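Colleague: Could you take me closely through one part of this model, the aromatic side chains, and then set that part against its surroundings? I would like a connected account rather than a list.

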Amino acid sequence: SKKGKAFAWALLLMLPMIYLINLMLEILSLEDVFAEIFQQLIHLPLGAVSVVLIGPMVEELVFRKGVFGTLMERGISPWLSIFISALLFGVIHGNPVQIGGAFLFGWILAWMYWKSGTIWLSYAAHVFNNLVGVVLTLAVNPETTLLSLSGGVITTLICILFALLWA
């Protein structure tokens with residue numbers, strides 16, 4: 001179906017976005033004040049479910065349906081509504097390492113919501129992002145960097161070029 005293909009493409013296009021956002025955060029070397037709490041949380045079944053499924057649903061309802069939707073209903077331009085909802089989404093995370101990435105991710109999710117007209121597309125992308133984060137956190141040594149995981153500087157530059165051309 002047309003909607004199914006849109007969901008598949010949205011999720012596929014999330015991979016380069018996740019990579020670029022996380023690479024940017026790694027390069028900036030900001031403090032992760034919630035790293036220990038996150039590690040403990042995702043090792044609990046209900047914690048992992050909360051991070052992967054429940055958190056994204058609440059955040060999509062609040063920031064996309066609530067903030068973005070209300071701004072649009074009040075006649076604010078789509079781009080300003082996207083910016084404001086993404087900015088609030090970034091700031092509310094309250095963790096220096098997450099704010100910039102959450103802002104960029106919030107921008108992408110608000111754009112998806114605006115273009116698709118359904119909360120389910122941004123929710124699916126949000127779940128996918130959080131699932132990738134949880135799986136990588138559980139599967140990879142915490143000392144491993146994205147740069148080393150992706151094969152070094154040359155491979156990373158090729159991946160960035162591919163992601164930019166593909167996105």
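Modeller: Ring pairs join Trp-79, Phe-83, Phe-103, Trp-107 and Trp-114 into a cluster, and this cluster is a good place to begin, with the caution that the model is a predicted one. In total the structure holds 8 aromatic pairs. In one of them, the ring centres of Trp-79 and Trp-114 lie 5.3 Å apart with the planes at 75°, so the pair is edge-to-face. This pair links distant parts of the chain, since Trp-79 belongs to helix α4 (residues 78–92) and Trp-114 to helix α5, with their positions 35 residues apart in the sequence. Neither partner is classed as buried, because Trp-79 has 44% relative accessibility and counts as partly exposed, while Trp-114, at 25%, is likewise counted as partly exposed.

A second edge-to-face pair is formed by Trp-120 and Tyr-123, whose ring centres are 5.8 Å apart and whose planes stand at 85°. Here both residues lie in helix α6, 3 residues apart, which is about one turn of the helix. The two partners fall into separate accessibility classes: Trp-120 is partly exposed, with a relative accessible area of 48%, whereas Tyr-123 counts as buried at 14%, because the limit for a buried residue is under 20%.

From Trp-114 one can step to helix α3, where Met-72 is found. Leaving aside neighbours within four places in sequence, Met-72 is in contact with Trp-114 and also with Ser-77, Pro-78 and Ser-81. Met-72 is itself partly exposed, with a relative accessible area of 27%. As a measure of spacing in this region, the C-alpha atoms of Met-72 and Leu-87 are 16 Å apart in space, the two residues being 15 places apart in sequence.

The nonpolar interior is the next part of the surroundings. The largest nonpolar core has 19 residues, and those with the most contacts inside it are Met-14, Phe-105, Ile-108 and Met-112. The elements that give two or more residues to this core are α1 (2–28), α5 (96–116) and α6 (119–139), and α1 gives the most, with 9 residues. Apart from this core lies another, of 7 residues, among them Ile-42, Val-52, Met-57 and Val-127.

Two members of the larger core show how its parts meet. Ile-108, in helix α5, is buried, with a relative accessible area of 18%, and beyond its neighbours within four places in sequence it is in contact with Met-14, Met-17 and Ile-21. The C-alpha atoms of Ile-108 and Pro-56, by comparison, are 14 Å apart, with 52 residues separating the two in sequence. Phe-105, with the same neighbours within four places left aside, is in contact with Met-14, Ile-21, Phe-89, Ala-125, His-126 and Asn-129.

The contact between Phe-105 and His-126 leads on to a polar site. His-126 has its place in helix α6 and is buried, with a relative accessible area of 1%. Apart from neighbours within four places in sequence, the contacts of His-126 are Pro-56, Glu-59, Glu-60, Arg-64, Phe-89, Phe-105 and Leu-109. Two of these, Glu-60 and Arg-64, form a salt bridge with each other, the closest N and O atoms being 2.7 Å apart, and the structure holds 1 salt bridge. Both residues of the bridge lie in helix α3, 4 residues apart, or about one turn of the helix, and both Glu-60 and Arg-64 are buried. Side chains of opposite charge can pair in general when their charged atoms come close.

Finally, the surface also carries nonpolar side chains. Leu-46, Val-49, Leu-53, Ile-54, Val-58 and Val-62 form a nonpolar patch there, with about 510 Å² of accessible area together. Within the patch, Leu-53 can serve as an example: this residue lies in helix α3 (residues 45–73) and, at 39% relative accessibility, counts as partly exposed. Helix α3 thus recurs through this account, with Met-72, the salt-bridged Glu-60 and Arg-64 and Leu-53 each located in it.

Key. Residues numbered from 1 in each chain as written. Predicted model: local features only at pLDDT ≥ 70, side-chain atom pairs only at ≥ 80, totals over all residues. Heavy atoms only, no water. Core = buried A, V, L, I, M, F, W, Y, C linked by side-chain atoms within 4.5 Å. Buried < 20%, exposed > 50% of the residue type's maximum accessible area, 1.4 Å probe, protein only. Contact = heavy atoms within 4.5 Å. Patch = residues over 30% accessible without salt bridge, like charges linked within 9 Å, V, L, I, M, F, W, Y side chains within 5 Å. Areas by Shrake-Rupley, 256 points an atom, 1.4 Å probe, with all protein chains shown as cover. Salt bridge = Lys/Arg side-chain N within 4 Å of Asp/Glu carboxyl O. Phe/Tyr/Trp six-rings, centres within 6.5 Å; stacked < 30°, edge-to-face > 60°.
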